[in-house]
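Open the model in your viewer and keep the sequence panel beside it. We will go from stop to stop, with something to select at each one.

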Amino acid sequence: YCLASLAKEVGSLGSHWTPPKYISLEVENVGLIGETYKQLLKLGYTHYKVARQYIYVPGPCERGAYQPQIAGSGSGPFGEAATDYQVGTRWKALRMLLNDTQF
């Protein structure tokens, strides 16, 4: 629903709309990758990361165990600090998402 809401903004504002620099979303199964790809492309995104959320638990965040520059809790670091399951903190070209199904 998050991506659909953003798509409505694109439709109503047209060229005056700028997507948020970063978004975080949960894709529950690989069968949703094609639609997710189309929506991200329509919104103007060109790169992505897939972070495995299960390796992050709220405990360390709540205790302040992470450095202040690493934002996020429970789902892991966010934005530049997010860690892709294959390439670490580097971003992958969005076109690669269609074949990225090992998460």
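Begin with the largest pocket and colour its lining by residue type: 18 residues are nonpolar, eight polar and four charged. Here Ala, Val, Leu, Ile, Met, Phe, Trp, Tyr, Cys and Pro count as nonpolar, Asp, Glu, Lys and Arg as charged, and the others, Gly among them, as polar.

A word on what you are looking at: this is a predicted model, in which local features need pLDDT of at least 70 and side-chain atom pairs count only at pLDDT 80 or more, while totals for chains, interfaces and linings use all residues. Residues are numbered from 1 along each chain as its sequence is written, and side-chain values use heavy atoms, with hydrogens and water left out.

**Stop 1: the largest pocket**

The largest pocket holds about 860 Å³ of space. To find its centre, select Ser24, Leu25, Lys49, Val50 and Ala51, the closest to it of the 30 lining residues. A pocket is an open set of points on a 1 Å grid over the protein atoms alone where a 1.4 Å probe fits, with protein on both sides within 12 Å along at least five of seven lines; lining residues have an atom within 4 Å of a point. Grid points are joined across faces, edges and corners, and the volume is the space filled by probe spheres set on the points.

Which elements each supply at least two residues of this lining? They are α2 (33-43) and β1 (47-48), and α2 gives the largest share, three residues.

**Stop 2: the whole chain**

Zoom out and switch to cartoon view. You should see three helices and two strands, in the order α-α-β-α-β along the sequence. These are DSSP runs numbered from the N terminus: helices are H or I with at least four residues, strands E with at least two. Of the 103 residues, 27% count as buried; buried means under 20% relative accessible area, exposed over 50% and partly exposed in between, with a 1.4 Å probe and protein chains only.

**Stop 3: helix α1**

Select residues 2-13. At 1.5 Å a residue, the twelve residues of α1 should span 16 Å, and the end C-alpha atoms are 17 Å apart, which agrees. The expected span is 1.5 Å times one less than the number of residues.

Now show Leu3, Leu6, Ala7 and Val10, which are buried in α1. They cover an arc of only 105° around the axis, so they sit on the same side of α1; the arc is that of the directions from the helix axis to the C-beta atoms. On the face turned away, look for the exposed Lys8, Gly11 and Ser12. Just past the helix is Gly14, with a positive phi near 60°.

**Stop 4: helix α2**

Next, select Ile33, Thr36, Tyr37, Leu40 and Leu43, which are buried in α2. Their arc is only 135°, which puts them on the same side of α2. These buried residues pack against α1, where contact means heavy atoms within 4.5 Å. Lys38 and Lys42 are exposed on the face turned away, and Gly44, just after α2, has a positive phi of about 100°.

**Stop 5: two loop residues**

Is Glu26, in the loop between α1 and α2, buried or exposed? At 57% relative accessibility, Glu26 counts as exposed.

Finish at Phe78, in the loop between α3 (58-62) and β2 (92-93). Phe78 counts as partly exposed at 37% relative accessibility. Draw a C-alpha to C-alpha distance from Phe78 to Ile23: they are 55 residues apart in sequence and 8.6 Å apart in space.
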